[in-house]
Every structure is written in C-alpha cells, then in structure tokens.
Amino acid sequence: MIDNLVLGFQTALTPTNLLWCFVGVLLGTIIGLLPGLGSTTGVAVLLPLTLTFEPVTALIMLAGIYYGSQYGGTITSVLISTPGEAASVVTTFDGYQMARNGRAGAALSIAAIGSFVAAIFSLLLLVVLAPPFAQFAINFGPPENLAVMILGLATIVSFSGESKLKGLSMATAGILLACVGSDAASGVARYTFGQVDLLGGIPFVQVMIGLFAVGEVLYQIKQGAVAPLRARFRDLMITRAELARSRGAIARGSVIGFVLGCLPGAGSTLASFMAYGIEKRVSKHSDEFGKGAIEGVASPESANNAAANANFVPTLALGIPGGGTTAVLLGAFTVYGIQPGPLLFKEQPDLVWGLLASFFIGNVLLLVLNLPLAPLFAQLLRIPYGYMYPLILLTSFVGAYSIDNNMFSVWLVFVFGVVGYLLKRLDLPMAPLVLGLVIGPLFEKALVQTSAQGDGDLTFIFQRPLALVILAIAAALIAVPALLRRRRKQLERVAH
Amino acid sequence: MKNNKIAIGLLALALAGCGANTADTADAGGAGWKPRGNVTMIVPFGAGGGSDIAGRAMAGAIEKSTTPKVNISVENREGGSGAVGYSFLLSKKGDGNRLLATESALLTLPAAGNVTFTYKDFTPIMKIAEDGSLMVVPKASPYKTCAELVDAAKKARVPVGVAAAFGIDNFTFKMIEKSEGVEFQRVPTESGGELTTALLGNQIQAALLNPGEVVGQLRSGDLRALCATTDKRYEYPELKDIATAKEQGIDVSYANFRGILAPGGIPAEAKAYWIKAAQNLLKSPEYDKYVKDNYLQPVQAEGDQFTTTLEQLNQQITSVK
C-alpha cells in the first residue's frame with residue numbers, strides 16, 4: 001500500500017504532471033463557475049486536446065477538471081444564487097442567505113475547507129478500501145436503491161420551511177413535473193403533448209437556473225434598488241466560532257457523500273440534498289437553516305466533494321462508471337489504449353496510483369487557490385445590483401443554451417424564472433420542488449426495476465436486509481423528531 | 001463568463017497552443033459543391049457515450065483528411081433516447097452543412113411511435129462500422145450457451161436487463177423471443193454501464209452489451225459471454241472464441257451500425273461531397289484506431305447501399321415491434 005502510494009507520488013510529482021494537474025483544477029474551477037456547462041461536457045470537449053499527452057498526464061488533467069468543478073460551482077451559488085453545477089444547488093439555500101448577511105467570504109471559505117476535508121477523507125478511503133466498497137456498491141440492487149430514494153423523500157420534511165403543508169405540496173409538484181417525458185419501463189410518452197423536446201423529461205439543470213438565478217433577479221427588481229452590501233474586509237474572513245460549528249456538518253457530509261458516491265448512478269447532486277436534509281434534522285441550529293446557517297453550506301459542499309471522489313471507487317475498481325463524468329473518463333482510458341476493468345489496479349499500477357496521488361495534490365492546490373480567493377470573490381457583492389443582474393441574466397440564458405444547443409432550454413429557464421418569482425412572492429419553498437424533481441425519476445426507475453426483479457411483488461423488498469435497514473432509517477428520520485417534540489411537551493406539562 | 005462556447009473555445013485554443021483556422025477557399029475535389037463556413041456534427045446523445053465517441057472520431061477524421069480543411073464542430077443534442085437530435089436534423093431539410101452521428105435509434109425510435117420521422121426522411125451518407133452485441137452473464141451463472149439461457153426462459157422467469165425501452169438490445173431480445181417462442185422478464189436501466197453493474201451484482205441474469213463496454217470484465221473473468229448476436233464471429237483475439245447465436249441454434253443476428261446521416265433533400269452534389277469525405281475518413285489512421293479501440297467490425301456501406309442496409313434492418317425491427 002505505502003509502496004504503491006510512493007510510486008504514485010513519484011509519478012504525480014513530475015513537473016509535467018504537476019503542471020497539468022494545476023491546469024486541470026484551474027479549468028475545472030472555471031467550468032464549475034459557468035452555469036449549464038458541467039464537468040461532463042467540459043471533460044468531453046477537452047479530451048481530444050490531450051491526445052498527444054502521456055495517458056497518465058492526460059487523465060490527471062481530465063480528473064482535475066472533474067473535482068475542480070466541484071469547488072467552482074459553489075462560488076456563483078453563494079454570490080448570486082446561480083448554481084454553476086447541479087451539485088451546488090443546495091448551497092444556494094444557505095450560502096446565498098449568508099452572502100446577503102454579509103458573510104459571503106465565510107460561506108466560500110467553509111465551502112473550500114469542507115470540500116477539502118471531505119476530499120482527503122474520501123481519498124484515504126478510496127486508497128485503502130476501494131475493492132470492498134466496490135463490492136458493497138454492486139450488491140446495492142434496485143430494492144436498496146428504492147429504499148435510498150424513499151430515504152431521500154423522507155428528508156423533504158427538512159426542506160419545507162415553516163409550513164409542512166406547503167413543503168409537501170411543492171415536493172408533490174416536483175414529483176409530478178418529473179413524470180413528464182418517456183416512461184421508464186415502456187418508453188411511452190407522458191404529458192409531452194407531441195413535443196419532441198419534452199420526451200427527455202423536464203431537465204433539472206434548466207429548472208434550477210430558472211428558479212434560483214432568474215427568479216431571484218426578478219424578485220430583486222421588484223424590491224427596487226437594492227443597496228450593495230457594505231462588507232468590511234474583516235467581516236469577510238471566517239471566524240473561529242463558525243469553524244467550530246461546521247465541524248460536525250463536514251464530518252457527516254463527508255460520510256453521506258462517500259457512501260452515496262460509491263453507488264453507481266446516485267451521484268453528488270443527491271448526496272448534497274441528502275446531507276443537507278439530514279444535517280437539518282440533527283443540527284442544534286436547525287431553525288437557522290435557510291436563513292444563512294453555516295452548516296447549511298458546510299454539509300452539502302462536503303457531501304458533493306466526497307461523492308465526486310467516491311465515484312472513482314466503482315470506476316477504478318470495477319471499470320463501471322460511477323456517474324456521468326466518470327463515464328467520460330472511462331471512455332478516455334479506452335482512447336489511450338487502456339482497458340478499464342477489474343484488472344486495472346494490477347495491470348496499470350503506476351497509472352492508477354499516479355492518478356490517485358494526483359487527487360491529493362490537486363485538492364491541496366484547490367484549497368490554496370480557493371481560500372485566499374474567497375474574500376476576494378466576496379468583494380464582487382460591492383458591485384451595485386443594477387450592474388449585476390444583466391450579467392446574471394445573460395449568463396443564465398447563454399448557459400442554458402449551451403447545455404444542449406437548444407432554444408427550448410432557454411424558454412424553460414425563462415418559464416421557471418417566472419415560476420421562481422411567483423413562488424417567492426407567495427412564500428412557497430422552492431427546495432422541495434427541486435428535490436422532488438431530482439428524486440422523482442430516480443425513485444420511479446428504482447420502483448420499476450424492483451417490481452421487474454420481484455415479478456411485480458413489492459414485498460420482495462422485505463427479503464433484502466440492507467433495504468430494510470435503510471427504510472428503518474427513513475422511518476426514524478420522520479418519526480423521531482416528532483416523538484421527541486411530543487415528549488418534550490409532555491414533560492413541560494408535567495413540570496407545570 | 002458571458003459565453004460558455006467562447007470560453008471553452010478560448011480554453012481549448014490556449015491549451016492546444018494553436019489557433020489558425022484554414023479558410024475554405026479552394027474548390028473541393030471538383031464536385032462543385034462545398035460546405036460554406038462551419039459544419040456541425042450532431043450527436044443525438046450525451047457526452048461520453050458510444051455515439052459521442054463515434055461523432056467526435058468521425059468529425060476529427062473528416063477534418064484531417066479533407067482538403068481544403070472543413071471545420072466540423074460537434075454538438076450534443078440529447079434527450080428522449082435520441083429523439084431530440086434526430087428531430088432537429090429533420091427540421092434542417094436541404095442543409096448540407098449538417099451531419100449526424102447515427103446508429104440504431106434511427107430505426108427503433110420510429111418503431112416505438114413517439115416521433116414523426118423515419119429513416120426515409122434523411123440522406124444516408126456512410127455506414128462506417130458495425131457494433132455487435134454479446135449476451136453477457138455473471139461469472140456464477142449456470143448457463144454456458146445462449147441456447148441454455150433460452151431453455152431456462154421456457155421453464156422459469158429469467159430477468160434480463162435492457163439499456164432503454166427503445167434500445168437496440170431490447171429489440172434484439174424481442175427477435176430472440178419471437179424466434180424461440182420464449183419471453184424474458186425485462187429490468188429497464190438507462191445505460192450499458194448500469195447493465196454491467198447489475199450483472200456484477202447478480203441483480204439480473206443476462207444482458208446484451210457491446211464488446212467495448214465489457215471486454216475489461218470479460219478478461220478479468222467477472223463476467224462471461226455466452227454468444228455473440230452477430231452474423232459471424234469476432235476476429236479480435238479476446239472475442240474470437242465466442243460462438244454466434246446462430247451456431248448455437250438461435251436464428252437471430254443483428255448488427256447495430258454506426259455511420260453518418262445528412263438531412264433529407266440536400267443537393268446531389270452535397271451528397272456526393274460527403275460520400276467522398278467519408279471515403280477519405282475510412283482510409284485515415286484515426287478510423288483504424290477508433291475501430292480497434294472500440295472493438296467494432298469495419299463493415300461499411302456508402303450512400304444508396306447504406307439506404308438498402310437500413311431498409312433490411314428496418315424490416316427486422318418492425319417485424320418484432
């Protein structure tokens with residue numbers, strides 16, 4: 001193990017590899033910043049340019065783009081409520097509120113620190129325990145996935161804000177929106193009204209750009225001239241107290257992110273939602289969530305980074321893609337004449353360990369890059385909003401178009417921008433809507449697969465112990481806080 | 001930050017350290033027609049998949065092998081299992097500057113009935129290769145041949161995975177079912193990667209996958225191939241021992257194709273121009289590498305021959321829909 005790591009660092013620390021690692025994480029940060037342009041597209045587009053490189057150098061750079069983008073996506077989420085990456089949507093909930101409270105620097109700092117800690121944690125697990133985790137991942141079949149999605153739906157209560165009824169209604173609306181498109185089992189078109197563009201369903205990234213970025217701009221315009229934030233430089237630094245508060249959130253976020261990231265298909269977006277939902281249930285400051293709680297930034301940011309790294313568990317150990325971007329990276333292996341698969345560790349040790357070692361180096365580079373920049377980026381908020389919003393609108397619409405070169409995406413962003421504005425005016429929470437839209441298709445797929453596997457008999461799920469454990473956690477997540485509350489009331493009554 | 005495409009373009013330029021584009025001034029091969037300005041290669045699926053790899057390889061090879069150089073940009077227009085991309089090409093009737101990286105969705109989407117086009121609405125340029133399928137099972141599976149798998153399905157429920165409802169693997173299963181009078185239980189997934197995962201975890205009993213998707217797992221012994229649903233055996237050393245379904249008494253063969261499609265109603269000169277460009281593509285070293293890397297079979301058909309191939313394959317598919 002140690003020998004392998006030494007070998008890996010020897011490979012990763014050559015000047016060429018170090019340089020391209022830096023280029024990769026820098027490009028990743030920039031790609032992460034741009035809404036619509038995700039790491040999957042970024043890696044696919046830049047892949048042909050690395051064809052003349054040594055395979056290990058090329059993969060180090062391409063992987064750098066991937067995990068670098070997880071850092072970059074945060075910046076716009078916090079500053080202008082425009083998530084650059086799908087996995088950074090959750091960060092807008094509290095990150096943007098922190099920015100409005102003049103704590104943008106702290107939000108960006110904790111995101112960088114949380115991301116870094118989570119990355120190192122998950123990399124250590126990846127180095128030491130990739131094969132057993134990979135085994136765990138493949139034993140995770142449709143029933144277990146279904147249980148995870150039910151757990152995800154159970155966290156909706158966390159996203160509801162003050163009124164449970166409003167939260168559940170919005171979540172239902174999200175799940176209904178997720179029904180548009182061709183059906184998971186038979187491919188029959190549902191609610192598409194003959195529109196080809198709707199066959200693929202209502203895409204989540206466009207919806208979130210509309211709701212969060214455009215919706216916020218419209219709302220701010222309605223409010224009238226917003227005074228630029230007068231944050232002093234001192235206020236932009238993270239405080240010791242904030243760091244202390246975030247410790248638990250980062251730890252929990254890292255674990256949740258790693259476990260979900262190991263599972264092929266679940267991905268970092270779901271991980272960030274789940275981490276946030278669970279954090280809110282267990283946090284002492286749960287009433288501050290949604291109003292600028294630093295845990296609300298620390299937990300999803302740790303989770304999405306841990307998940308991004310954990311995605312490499314099935315990718316490297318089994319040769320199956322953990323998510324969209326790792327699928328492109330697997331394709332890159334083939335282009336360099338390397339056959340991904342279970343034999344990769346054995347046949348290409350210097351490549352695999354060099355790549356893994358470069359992840360450590362790349363994350364250190366990202367921390368060094370992001371921490372000093374956090375207060376600097378936060379200065380952007382001094383720009384009067386009147387100059388900012390045309391820029392935000394432009395980025396949103398151009399970003400939407402660049403996702404699939406389709407005007408339909410631009411219209412979607414426009415429509416959901418108006419919807420986002422109306423929801424804000426009516427004080428309806430948007431987070432459950434987005435969660436419903438994210439989980440809806442995954443839930444349906446898991447349900448259809450479980451049904452097919454169990455021959456239409458859903459009690460099949462009760463024969464799977466792991467699925468039962470996850471369902472029990474979901475039940476506890478719903479029941480325990482309510483029971484505690486009742487118990488507290490009873491005790492109070494007794495005391496009176 | 002204002003324009004992703006410009007941003008990416010700049011990144012790309014900075015990275016490659018090159019910039020100059022060749023202006024298309026000279027006449028192209030005397031045919032009289034040549035593309036004006038930029039040409040787009042549409043990929044009707046997302047980045048990173050088999051179609052994307054094919055689209056980018058074909059665009060790159062045409063750029064390199066055509067004089068004067070044509071600039072081809074690759075555009076992913078995904079959605080609806082390819083329906084969005086093909087429908088876009090349908091709307092570009094007569095536009096010689098658009099190409100599309102095509103495969104069996106061209107036939108399976110119309111067969112499923114959610115779209116308004118058929119293969120007849122487009123101009124087939126060149127079939128560049130075939131990408132056949134292997135019937136793959138987990139290591140511990142009791143079955144040794146496809147015939148045994150089919151026999152098992154006659155007696156009991158056999159859950160198999162399919163990549164998509166409109167996927168060619170689903171139609172190939174239907175062909176086996178029709179030919180052998182059996183029925184498999186379908187577990188729908190969304191990609192070959194998911195199918196491989198499900199096989200490794202024993203969640204499904206079999207799946208049809210392209211060799212390029214599973215050769216790593218086959219070599220390590222974690223998965224086994226029972227038969228190839230191709231007409232002839234593969235010649236690659238890793239695959240040459242896999243018998244065809246026909247050899248095992250199942251009269252089914254279907255080869256997914258990869259190729260280039262242009263919009264319908266383009267000028268005859270434009271068609272001739274692209275066929276010529278595709279012929280050059282087939283001679284390029286990039287093409288050989290693409291075929292080998294992805295375990296394809298270099299079976300080609302150009303222009304009207306490709307149309308004839310499509311007719312035959314379409315009959316195969318519509319006979320089981």
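Strands E6 and E8 of chain B run parallel and are joined by 2 bridges; helices (H or I, at least four residues) and strands (E, at least two) are DSSP runs, numbered from the N terminus, and two strands pair if DSSP finds at least two bridges between them. In this parallel pair, Val160(B) stands opposite Ala206(B) of E8(B). The model is a predicted one, in which local features need pLDDT of at least 70, side-chain atom pairs count only at pLDDT 80 or more, and totals for chains, interfaces and linings use all residues. Residues are numbered from 1 along each chain as its sequence is written, while chains are lettered from A and ligands numbered from 1 in the order in which they are written.

E8(B) also pairs with E5(B), here in the antiparallel sense over 3 bridges, with Met135(B) opposite Leu208(B). On the far side of E6(B), residues 159-162, strand E7(B) is added in parallel over 4 bridges, and Pro159(B) has Gln185(B) as its bridge partner there. Together these pairings belong to an open sheet of 5 strands with the order E7-E6-E8-E5-E9 and mixed pairing. Strands E7 (185-188) and E9 (223-228) each have a single partner strand, so one side of each is left without a neighbour in the sheet. On average, neighbouring strands are turned by 35 degrees against each other, direction ignored; axes are lines fitted to C-alpha atoms, for helices over the stretch in contact, and angles run from 0 to 180 degrees between N-to-C directions.

What do the two faces of E8(B) carry? Ala206(B) and Leu208(B) point one way, Ala207(B) and Leu209(B) the other way, and all are buried. A residue is called buried if 20 or more other C-beta atoms lie within 10 Å of its own, exposed if 12 or fewer, and partly exposed in between, with C-beta atoms placed from the backbone. In a regular strand the side chains alternate between the two faces of the sheet.

Helices from both chains lie across this sheet. Helix H7 (residues 192-200) of chain B lies across E5, E6, E8 and E9, at about 150 degrees to E8(B). Helix H19 (residues 431-453) of chain A lies across E6 and E7 of chain B, at about 160 degrees to E7(B). Between the chains, 57 residues of chain A are in contact with 54 residues of chain B, contact being C-beta atoms, placed from the backbone, within 7 Å. H19 is one of the elements of chain A that each supply at least two residues to the side touching chain B.

Chain B is divided into domain 1 (28-131 + 256-318) and domain 2 (134-228), with bounds from an automatic or database domain assignment. Their centres, taken over C-alpha atoms, are separated by 29 Å, and 13 residues of domain 1 are in contact with 9 of domain 2. Helix H4(B) gives the largest share of the domain 1 side, 4 residues.

The largest nonpolar core holds 270 residues, and Leu62(A), Val313(A), Met58(B) and Val136(B) touch the most other members. Such a core is a set of buried Ala, Val, Leu, Ile, Met, Phe, Trp, Tyr and Cys residues joined through C-beta atoms within 7 Å. Both domains of chain B contribute at least three residues each. Leaving aside neighbours within four places in sequence, the contacts of Val136(B) include Leu199(B), Ala206(B), Ala207(B) and Leu209(B).

Conventions: Two residues are in contact if their C-beta atoms, placed from the backbone, lie within 7 Å.
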